[in-house]
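Please take the sequence and the model together, and follow the explanation below from one part of the chain to the next.

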Amino acid sequence: MSPATAADVAARVRDHDRDERRVAERPDLRAAAVAVVVLDDPDLGPGVLLTRRTSRLRDHPGQFALPGGTVDPGEDVVTAARRELDEELGLRLGDDAVLGLLDDYPTRSGFVITPVVMATTGALADLVPSPDEVSELFHVTFAELDVDPRYLTIEESPRPVVQMPLVGHFIHAPTGAVLLQFREVALHGRSTRVDDLEQPLFAWK
């Protein structure tokens with residue numbers, strides 16, 4: 001199979017048959033949104049933006065994450081994802097940058113995360129991450145993202161814990177699960193579901 005282009009990714013995300021089943025089953029979960037941003041860098045090519053949270057944050061310090069957060073009153077998931085992207089990376093994108101939504105992922109910490117896929121062009125070096133929220137910013141190319149996940153078993157859950165080997169680390173769910181589905185949908189056109197994949201114990205809080 002030929003490498004996916006930015007145009008391929010846009011078409012596949014727009015055609016994705018989103019599964020909202022888990023949200024309907026769990027009305028107790030709080031709504032959150034993350035931005036899955038395809039940045040077509042003139043030197044690096046197209047890739048997905050990934051951050052590492054600062055150690056000073058109260059929630060999930062030092063963990064790898066996609067820009068995002070809780071959906072505020074009066075917001076929808078797209079507005080929330082765009083706002084969080086601006087706050088964390090100084091990247092302002094309009095509704096026209098939105099390609100579509102991936103499946104919702106329910107977390108152990110009481111949220112249901114909606115991944116909002118967006119696309120833009122520009123240089124990674126021009127982005128200015130907020131030092132209060134982001135300690136590192138990565139551009140994961142499509143070739144780097146197209147790796148097979150690793151699955152672990154834990155006594156506390158019958159569900160497999162997913163790990164994506166990226167940027168020299170193993171990226172766990174929920175971020176790892178979202179990136180895995182993006183890889184499947186956007187790079188290969190496969191409607192792979194990931195809501196049955198488990199988070200590691202340290203992310204349950």
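Two strands are said to pair here if DSSP finds at least two bridges between them. In this predicted model, strand β10 (residues 157–166) and strand β11 (residues 169–172) pair in the antiparallel sense over 4 bridges, and M164 stands opposite I171 in β11. The two strands form a hairpin with 2 residues between them, and V167 in the turn has a positive phi of about 45°. The charged end of R150 sits over the ring of F170, 3.9 Å from the centre of that ring.

From the hairpin we can turn to the nonpolar interior. The largest nonpolar core has 37 residues, of which V9, L50, L145 and F182 touch the most other members. Two or more residues are given to this core by each of α1, β1, β2 (45–53), β7, β8, α4, β10 and α5, and the largest share, 8 residues, comes from α5. Not counting residues up to four places away in sequence, F182 touches V9, V13, V36, V38, V48, L102, V117, F142, L145 and L187. A second core, separate from the largest one, consists of 19 residues, including L49, V71, A97 and M118.

Helix α1 offers a closer view of how one element is placed. The buried residues of this helix (residues 6–14) are V9, A10 and V13; seen down the axis of α1, they fall within an arc of 100°, and therefore they line one face of the helix. Among the elements that cover these buried residues are β1 (30–41), β5 (98–101), β7 (111–121), α4 and α5.

Aromatic rings supply a further set of links. With ring centres required to lie within 6.5 Å, the count comes to 2 aromatic pairs. In one pair, the rings of F64 and F138 have their centres 5.9 Å apart and their planes at 45°, so this pair is tilted. It links distant parts of the chain, since F64 belongs to strand β3 (residues 64–65) and F138 to strand β8 (residues 134–141), 74 residues apart, and both F64 and F138 are buried. In the other pair, the rings of F142 and F182 have their centres 6.5 Å apart and their planes at 50°, so this pair is tilted as well. Because F142 lies in helix α4 (residues 142–145) and F182 in helix α5 (residues 175–188), the pair ties together parts that are 40 residues apart in sequence; F142 and F182 are both buried.

How values were computed. Residues numbered from 1 in each chain as written. Predicted model: local features only at pLDDT ≥ 70, side-chain atom pairs only at ≥ 80, totals over all residues. Heavy atoms only, no water. Phe/Tyr/Trp six-rings, centres within 6.5 Å; stacked < 30°, edge-to-face > 60°. Buried < 20%, exposed > 50% of the residue type's maximum accessible area, 1.4 Å probe, protein only. Lys NZ or Arg CZ within 6 Å of the ring centre and 35° of its normal. Arc of directions from axis to C-beta. Contact = heavy atoms within 4.5 Å. Core = buried A, V, L, I, M, F, W, Y, C linked by side-chain atoms within 4.5 Å.
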